[in-house]
Amino acid sequence: MVKKMQKNNLLKLIGVLFGLSILLTCTVTALDDNNMASQAILSPDATEKGIVKENIQKFTGSQNVVISNKGIREFPLGKMYEVTTNAGDRYYVNANTGDIEVATIHNAVSTKSMDTNDIARMNETVQKFVEKNYRNFTAKKMTFVNSKIIDHGDAGKEYIYYWNEMSGDAYTLSSVMVSFNPNLDNTLTYIGFDRPLLIDTTPKISQNDAEVIARSIFKMSSAAITTSKLVIVPNEENQKLVWIVDSIELDEKGLSHGGKATVDALSGKVISINPVL
Amino acid sequence: MGYSAGNYENSAASSAFNRMASDQVFFFDGHGGPGFIQFLSGGIYSDITASNPSYPRISSYTSGELNDLALAVYMACSSANTDGNSGNLLAQSTARGVDTALGFSQSIDSEQSGYWSNRFWYYLDNGDSVSQAIGAANADNQVTYGYWNQGGMDTHVVQGNNYLVIDPVRAGY
């Protein structure tokens with residue numbers, strides 16, 4: 001009986017250690033994902049063959065893709081390789097991970113099923129496309145935010161679908177947008193970013209206070225059309241929680257007045273002022 | 001890009017209006033609204049409108065008089081929209097011979113419009129068509145500023161030929 005208990009305890013200990021080792025492994029993996037800035041940049045060779053080519057083949061469903069590396073570009077969200085294909089498609093690829101973050105593709109086989117003018121009916125098809133191509137879609141619990149149609153005149157109607165990871169009321173940097181224009185060469189644009197959340201998302205400045213601050217900058221009354229969003233923006237290697245506030249008034253001639261103010265959601269400091277044309 | 005380019009600031013509407021028939025590419029960046037773009041020179045405002053009889057108006061050109069103008073870009077708030085008095089800039093431009101006219105259906109922010117313009121002309125200079133250059137400039141703009149901060153640049157409206165290429169140099173048809 002004593003020996004059996006000792007054996008059981010040993011098994012439990014092994015189980016606990018095994019569990020801990022899995023946890024530690026997961027933690028190390030998470031840390032690797034969360035410190036992309038410190039990761040090495042992929043070799044340019046990886047773009048025309050290797051992981052980038054493999055990712056583009058998965059994205060398009062086509063094996064016959066020839067890739068040209070157009071060089072590296074730097075954006076607020078990090079460095080990206082710009083690559084084009086023999087089909088005339090354009091991609092920005094995360095220079096650390098090889099993930100496709102921007103894609104503009106024309107007449108792709110995998111998008112032809114989206115050719116419908118019913119935005120609601122397309123929703124499920126587009127979400128399947130996003131789940132296939134945005135690596136952490138389920139793990140991130142991406143929230144469907146909106147879909148809309150923008151009429152570009154002779155450039156056709158663009159159907160836009162947007163998901164964002166939410167933290168409280170704040171839109172984090174992890175987001176994915178797909179737009180599709182059936183009238184313009186079945187053009188599909190995909191823009192998806194997967195970034196760790198590095199900061200607390202509780203604002204110290206209320207939405208109303210941020211809007212009052214923005215209107216005061218543009219010398220507008222409370223009658224101005226004002227909209228605002230609590231958004232996380234990149235801040236060099238870190239992140240910042242801001243209110244992005246739009247205040248617009250039209251005069252009797254149809255001229256717009258006002259603009260966009262970005263307000264630090266912790267301090268209330270105005271970070272940028274951007275008047276409309 | 002190969003064109004003989006001129007950059008005019010603090011110009012009156014009349015001087016810009018008089019240039020249009022001899023231009024191959026016309027780019028306005030400033031204030032505007034449905035059916036008009038606004039100029040400021042010496043503290044005096046003046047407008048080019050689509051069809052308002054009280055102001056310089058594109059409709060006063062005869063059909064075909066703007067045939068040499070391949071591309072007209074009206075970088076101004078609501079420049080693609082129609083006004084009851086001033087008309088529609090894109091419709092009047094293409095009716096008078098412009099191959100491709102580009103405007104915006106909502107208010108646009110000054111910073112994003114500047115960035116977007118740089119990217120748009122960069123892609124055109126690389127030989128992309130108007131629709132390709134717009135798509136690429138929109139993507140760059142969204143990557144740089146974020147989905148919630150596109151500054152209205154995603155509300156572009158095109159009238160005319162989406163597949164126009166202006167590099168190598170050409171005039172309109």
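The following dialogue examines how chain B and chain A meet in a predicted model, and what empty space is found in it.

Biologist: What makes Asp47(B) and Lys253(A) a salt bridge?

Modeller: The closest N and O atoms of Asp47(B) and Lys253(A) are 2.4 Å apart. The rule asks for a Lys or Arg side-chain nitrogen within 4 Å of a carboxyl oxygen of Asp or Glu, so the pair qualifies.

Biologist: Why is the pair of Asp140(B) and Arg73(A) also called a salt bridge?

Modeller: Their side chains meet at 3.1 Å, N to O, and the limit is 4 Å, therefore the name applies. This pair crosses between chains, from helix H4 of chain B to strand E1 (residues 67-75) of chain A. Side chains of opposite charge can pair when their charged atoms come close.

Biologist: How many salt bridges does the rule find across the interface of chain B and chain A?

Modeller: The rule finds four across that interface, while a search of the whole structure gives 14 over all chains.

Biologist: How do you know which residues of chain B and chain A are in contact?

Modeller: Residues are counted when their heavy atoms lie within 4.5 Å. By that test, 42 residues of chain B are in contact with 41 residues of chain A. The two chains bury about 3400 Å² between them, with 54% of it on carbon and sulfur atoms. Val143(B), Tyr147(B) and Trp148(B) supply 24% of the area that chain B buries against chain A, more than any other three residues.

Biologist: What polar contacts are counted between chain B and chain A?

Modeller: There are 18 residue pairs in polar contact, both residues having pLDDT 80 or more. Several elements of chain B each supply at least two residues of the side that touches chain A, among them helix H3 (110-125) and helix H4 (130-145). That side of chain B divides into 16 nonpolar, 18 polar and eight charged residues.

Biologist: Why is the space lined by Arg90(A), Tyr123(B) and Asp140(B), among others, called a cavity?

Modeller: In a cavity a 1.4 Å probe fits but cannot get out, and the search places this space in that class, which means that it is enclosed for such a probe. The search reports one cavity of 30 Å³ or more; the largest cavity, at about 50 Å³, passes that limit. Residues of both chains line it, including Tyr91(A), Val102(A), Ala136(B) and Ala139(B). The lining divides into six nonpolar residues, one polar and two charged.

Biologist: What makes the largest pocket another kind of space?

Modeller: A pocket is an open set of points, whereas a probe in a cavity cannot get out. The largest pocket holds about 1000 Å³ of space. Of the 29 residues that line it, the closest to its centre are Gly6(B), Asn7(B), Tyr8(B), Phe27(B) and Phe28(B). E1(B) gives the largest share of the lining, five residues. By class, the lining has 14 nonpolar, eleven polar and four charged residues.

Definitions and conventions:
Residues are numbered from 1 along each chain as its sequence is written. Chains are lettered from A and ligands numbered from 1 in the order in which they are written. This is a predicted model: local features need pLDDT of at least 70, side-chain atom pairs count only at pLDDT 80 or more; totals for chains, interfaces and linings use all residues. Side-chain values use heavy atoms; hydrogens and water are left out. Buried area is the accessible area (1.4 Å probe) that two parts lose on being put together, summed over both. A polar contact is a pair of N or O atoms within 3.5 Å; within protein, one must be able to donate a hydrogen and the other to accept it, and residues adjacent in sequence count only if both atoms are side-chain atoms. Helices (H or I, at least four residues) and strands (E, at least two) are DSSP runs, numbered from the N terminus. Ala, Val, Leu, Ile, Met, Phe, Trp, Tyr, Cys and Pro count as nonpolar, Asp, Glu, Lys and Arg as charged, and the others, Gly among them, as polar. On a 1 Å grid over the protein atoms alone, a cavity is a set of points where a 1.4 Å probe fits but cannot get out, and a pocket is an open set with protein on both sides within 12 Å along at least five of seven lines; lining residues have an atom within 4 Å of a point. Grid points are joined across faces, edges and corners, and a volume is the space filled by probe spheres set on the points.
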